[in-house]
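The exercises below concern one protein chain and are to be solved from its sequence and coordinates. Each task is followed by a solution in steps.

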Amino acid sequence: MSVVPVDREAAQAAIDRLTAKVTADLTNHPAETGRPVPGLDWSVGETGAHLVTLIDDVTRYVTGDLRPEGSVADMAALNRRRIDRLLDRHGGVLGRLLLEAVSVFKDVTRDLGGDEPVPWYDPMRIELAIVLSVLVGELSIHGSDIARGLSLADAIEREDALLVLPAIWEHFPSYLDTEAAAGFTGVFGIAVRGAQPVRIEIAGGVAAVSPLHGVVDCRITADPVAFVSVSYGRATPWSQILRGKMMATGSRPWLATRLPQLLIPV
């Protein structure tokens, strides 16, 4: 059972809406997909190809036709291989393939309950409901990336950011960088506005996530979009603190800016 439950109906509705938005952006700018995405090493077309091949792979994880490769530490190389599988960067093609990939995923998962275990990157297995949360994150973050690359409105919706949080908490222990976290000890309380607060305890190179309880060293209060943007490396804690979107309190508030440095980049 995940630390924070997933609203499956809301997540599926978000996936449908985000897919339509990304598809429209790609289809309406078919010849502009070679443009770089600011802040990423990928072009608009490569980002679209990533979404298509990722969703195709995730569908096959659910059906058992494909096993995930490696661990989260191998994610950058895996993403590059996925992108290279789909070399057609035409926006119309990418839009059509994205719609098809999401449609197949929905067909495969429509009659499932949400608590089915899905093989994930070593050593994880996650519930299908968490997979929905993952896809909301991928479509919202990379949809924003694509829009930014095309000089379009790129805002992430608050409701979508809240739906991404269950996946972030589920993955957090696996994304801890054991080298960066060596010798680090700290307890965080994370209160994202509109969501259930959680406790993150890091010690001995291991992270544990649970519902918020007890004393913490650093309590982070954050706007959901700001927190998700920092979690996915699209913003820094300091930028959100200066904008009034994040606040850190407690006996060791400076740990708020240290936390992203303890994680493997996504």
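**Exercise 1. Determine whether Cys218 is buried or exposed, and describe its surroundings.**

Step 1. In this predicted model, the relative accessibility of Cys218 is 0%. The limit for a buried residue is under 20%, so Cys218 counts as buried.

Step 2. Cys218 belongs to strand E6, which covers residues 218-222. Four of the five residues of E6 are buried, and the strand is mostly covered.

Step 3. With residues up to four places away in sequence left out, Cys218 touches Val187, Phe188, Gly189, Ala248, Thr249, Arg252, Pro253, Leu255 and Ala256. Among these contacts, Val187, Phe188 and Gly189 fall within strand E3 (186-192), while Ala248 and Thr249 fall within strand E7 (246-249).

Step 4. As a distance check, the C-alpha atoms of Cys218 and Ile15 are 33 Å apart, with a separation of 203 residues along the chain.

**Exercise 2. Establish the strand order of the five-stranded sheet and state which strands stand at its edges.**

Step 1. The sheet is open, and its order is E5-E4-E3-E6-E7. Its pairing is mixed, and the next steps take the pairs one by one.

Step 2. E4 and E5 run antiparallel and are joined by six bridges. Within this pair, Ile200 has Val209 in E5 as its bridge partner.

Step 3. E3 and E4 are also antiparallel, with five bridges between them. Here Ile190 is matched with Val198 in E4.

Step 4. E3 and E6 run parallel and share five bridges. Gly189 has Arg219 in E6 as its bridge partner.

Step 5. E6 pairs with E7 in the antiparallel sense through four bridges. In this pair Ala222 stands opposite Met246, and Ile220 stands opposite Ala248.

Step 6. Strand E5 (206-211) and strand E7 (246-249) each have a single partner strand, so they stand at the edges, and one side of each has no neighbour in the sheet.

Step 7. On average, neighbouring strands of the sheet are turned by 20° against each other, with direction ignored.

**Exercise 3. Find which glycines take a positive phi in the hairpins of the sheet, and which helix lies across three of its strands.**

Step 1. The hairpin of E3 and E4 has five residues between the strands. In its turn, Gly194 has a positive phi of about 95°.

Step 2. The hairpin of E4 and E5 has two residues between the strands. There Gly204 adopts a positive phi near 60°.

Step 3. H6 lies across E3, strand E4 (198-203) and E5. Its direction makes an angle of about 140° with E5.

**Exercise 4. Characterise the largest pocket and the second largest pocket by volume, lining and residue class.**

Step 1. The largest pocket holds about 1,300 Å³ of space. Its lining consists of 45 residues, and those nearest its centre are Ser231, Tyr232, Ile264, Pro265 and Val266.

Step 2. Two or more lining residues come from each of helix H2 (44-63), helix H3 (75-85), helix H5 (128-149), helix H6 (158-175) and helix H7 (224-231). H6 gives the largest share, six residues.

Step 3. Sorted by class, the lining of the largest pocket contains 32 nonpolar, eight polar and five charged residues.

Step 4. The volume of the second largest pocket is about 270 Å³. It is lined by 15 residues, and Ile156, Val225, Ser229, Gln240 and Arg243 are the closest to its centre.

Step 5. H5 and H7 are the elements that give two or more residues to the lining of the second largest pocket. This lining has six nonpolar, three polar and six charged residues.

**Exercise 5. Decide whether Thr59 is buried or exposed, and identify its contacts.**

Step 1. Thr59 is located in helix H2.

Step 2. The relative accessible area of Thr59 is 5%. A residue is buried under 20%, and therefore Thr59 is buried.

Step 3. Not counting residues up to four places away in sequence, Thr59 is in contact with Ala101, Val104, Phe105 and Val108.

Conventions. Residues numbered from 1 in each chain as written. Predicted model: local features only at pLDDT ≥ 70, side-chain atom pairs only at ≥ 80, totals over all residues. Heavy atoms only, no water. 1 Å grid on protein atoms, 1.4 Å probe; cavity = no way out; pocket = protein on both sides within 12 Å on 5 of 7 lines; lining within 4 Å. Points joined across faces, edges and corners; volume = space filled by probe spheres on them. Nonpolar A, V, L, I, M, F, W, Y, C, P; charged D, E, K, R; others polar. Pairing = 2+ DSSP bridges. Axes fitted to C-alpha atoms, helices over the stretch in contact; angles between N-to-C directions. Contact = heavy atoms within 4.5 Å. Buried < 20%, exposed > 50% of the residue type's maximum accessible area, 1.4 Å probe, protein only.
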